[in-house]
Amino acid sequence: MNIAIVGTGYVGLVSGTCFAEMGSNVTCVDIDQNKIARLKAGEMPIYEPGLKELVQRNTTYGRLKFTTDLSEVLDDVDIVFSAVGTPPDEDGSADLKYVLQVARTFGRHIRKYTILVTKSTVPVGTAQKVKEVIRQELAARGVDIPFDVASNPEFLKEGAAIKDFMSPDRVVVGTESKRAEETMAKLYHPFMMQNFRVIFMDIPSAEMTKYAANAMLATRISFMNDIANLCERVGANVDYVRKGIGSDDRIGRKFLYAGCGYGGSCFPKDVKALAHTGRDNGYRMEVIEAVERVNERQKSIVFEKLAALAGGLQHKTVAVLGLSFKPETDDMREAPALVVIERLLQAGASVRVFDPIAMDECRRRIGERVTYCKNLYDAVDEADAMALLTEWRQFRMPAWKVIRKAMRGNIIVDGRNIYDRNELEALGFRYTRIGER
């Protein structure tokens, strides 16, 4: 099958590469000429484990190509996926200008039946806007060419996106015609030959499913962080609480870990957009709005613990370990590290940072206001305090005796609850975590 994917960000590049790996002929399209030139040269614009090797292999075999012009490939493709960005406006709503630009180009240049599939996360009702734009463009041309629109939201986890795409637990597809449904079923059949897990539904339901899924996961995180903060005040231990409620089959164990808040490209943006959709339709999403408030508050909790233990941070040196919003990615969008670092700097602290992957991204966002270190031990050298914000594997079992000798102070704030209190206190550290007094 011949496919075009517009947008070579996280969703578009991963999706296009995985479709190519399964034998489809894929052209990835992006208006950023520099990005396309880099991809043609085998350079990755994002970090995702295993992606570079897949891109290079499928480019070599000729199944994966890159261009800046969608119109030049439309005659040869059966499906166009729209995977462009939908950044939040100031009011939290999703900005659809790029989605509608793709629809205009599609309507101006198709000459045979083609399906336009929205893979970006978009509000309910977007497909109707896309369809209307295409119809306007066809009318302006004076032609009547059949087409379909569909919704196929992605559910990839950064750091495990290749596995998620190649072996999905489900694929959600919203369609309006049997022809489109059959085409999408054929496309996804190679990914799930033994257990076909494509869930077909109407388009509005597919559009809502993505928001609902992310909002539910974000809700679990904010719920546990709220419980953790109460645990600290009443003398309970959130780790025990998590185990106690997670063993209930009705609740389950996933996404019940207390910490310093969620970030990334999906949860913050989608929670805001879902709340905005509610307001647009005369309904206040009170739970969803609370989820966002709790998360924004939680991002400051590590700073507050540092300030309390240190008795103020003026002229103190703090080592920050972990900058990306989660391990196995360089993505710092809405990362707790951005809030913590900014507040540390405002408080007069010197900040030393280290992350295995996200150092360049941090430099792009923060500049030279912090000291970039070569490893964990370099970061803690002469530090008064250390804060863990991202639970990278290499941070999980450090040489604590070496760290104790290297640090000037002895404060450790564990923003991801991965360390053993007894071990650290026995070495003379003043240790605190989330959700435990």
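Select F19 to begin: its relative accessible area is 0%, so F19 is buried (buried means under 20% relative accessible area, exposed over 50%, and partly exposed in between, with a 1.4 Å probe and protein chains only). The model is a predicted one, in which local features need pLDDT of at least 70 and side-chain atom pairs count only at pLDDT 80 or more, while totals for chains, interfaces and linings use all residues. Residues are numbered from 1 along each chain as its sequence is written, and side-chain values use heavy atoms, with hydrogens and water left out.

**First stop: the rings around F19**

Keep F19 selected and add F165. What kind of aromatic pair do F19 and F165 form? The pair is edge-to-face, with 5.1 Å from centre to centre and 90° between the planes. Rings of Phe, Tyr and Trp (its six-membered ring) pair if their centres lie within 6.5 Å; planes under 30 degrees apart count as stacked, over 60 as edge-to-face and the rest as tilted. Because F19 belongs to helix 1 (residues 10-21) and F165 to helix 6 (residues 161-166), this pair ties together parts that are 146 residues apart in sequence. Helices (H or I, at least four residues) and strands (E, at least two) are DSSP runs, numbered from the N terminus. F165, like F19, is buried.

Next, add F191 to the selection. Its ring centre is 5.8 Å from that of F19 and the planes stand at 80°, so this pair is edge-to-face. Here too distant parts of the chain are linked: F19 sits in helix 1, whereas F191 sits in the loop between helix 7 (178-188) and strand 8 (198-201), 172 residues apart. F191 has 6% relative accessibility and therefore counts as buried.

Now extend the selection to F81 and Y188. Ring pairs join F19, F81, F165, Y188 and F191 into a cluster. Under the ring rule stated above, the count comes to 12 aromatic pairs.

**Second stop: S15 and I162**

Stay in helix 1 and select S15, which is found there. With a relative accessible area of 1%, S15 is buried. Which residues does S15 touch, not counting those up to four places away in sequence? They are I5, K119 and F165, where contact means heavy atoms within 4.5 Å.

From F165, move to I162, which lies in helix 6. I162 counts as buried because its relative accessibility is 15%. Neighbours within four places in sequence aside, I162 is in contact with V14, C18, E48, P49, L51 and L54. For a distance to display, choose E43: its C-alpha is 17 Å from that of I162, and the two residues are 119 apart in sequence.

**Third stop: K269**

Select K269, whose place is in helix 10 (residues 267-280). Is this lysine buried or exposed? At 18% relative accessibility, K269 counts as buried. Show T86, P87, P88 and T121 as well, since K269 touches these four when residues up to four places away in sequence are not counted. A C-alpha to C-alpha line from K269 to I411 spans 34 Å, and the two are 142 residues apart along the chain.

**Fourth stop: two positive phi angles**

Go to E382, in the loop between helix 15 (376-380) and strand 12 (385-388). E382 is not a glycine, although its phi is positive, at about 60°. Its relative accessibility of 42% makes E382 partly exposed.

Then select N417, in the loop between strand 13 (411-414) and helix 17 (421-426). N417 also has a positive phi, near 55°, in a residue other than glycine. At 13% relative accessibility, N417 counts as buried.

**Last stop: the whole chain**

Clear the selection and display the protein as a cartoon. The protein has 17 helices and 14 strands. Along the principal axes, the C-alpha atoms fill a box of roughly 75 × 50 × 45 Å. A compact globule of 437 residues would have a radius of gyration near 22 Å, and the 24 Å of the protein agrees with this; the radius is taken over C-alpha atoms, and the globule rule is 2.2 Å times the number of residues to the power 0.38.

Colour by burial: of the 437 residues, 55% count as buried. Among contacts with a separation of 6 or more, 73% come from residues 24 or more positions apart.
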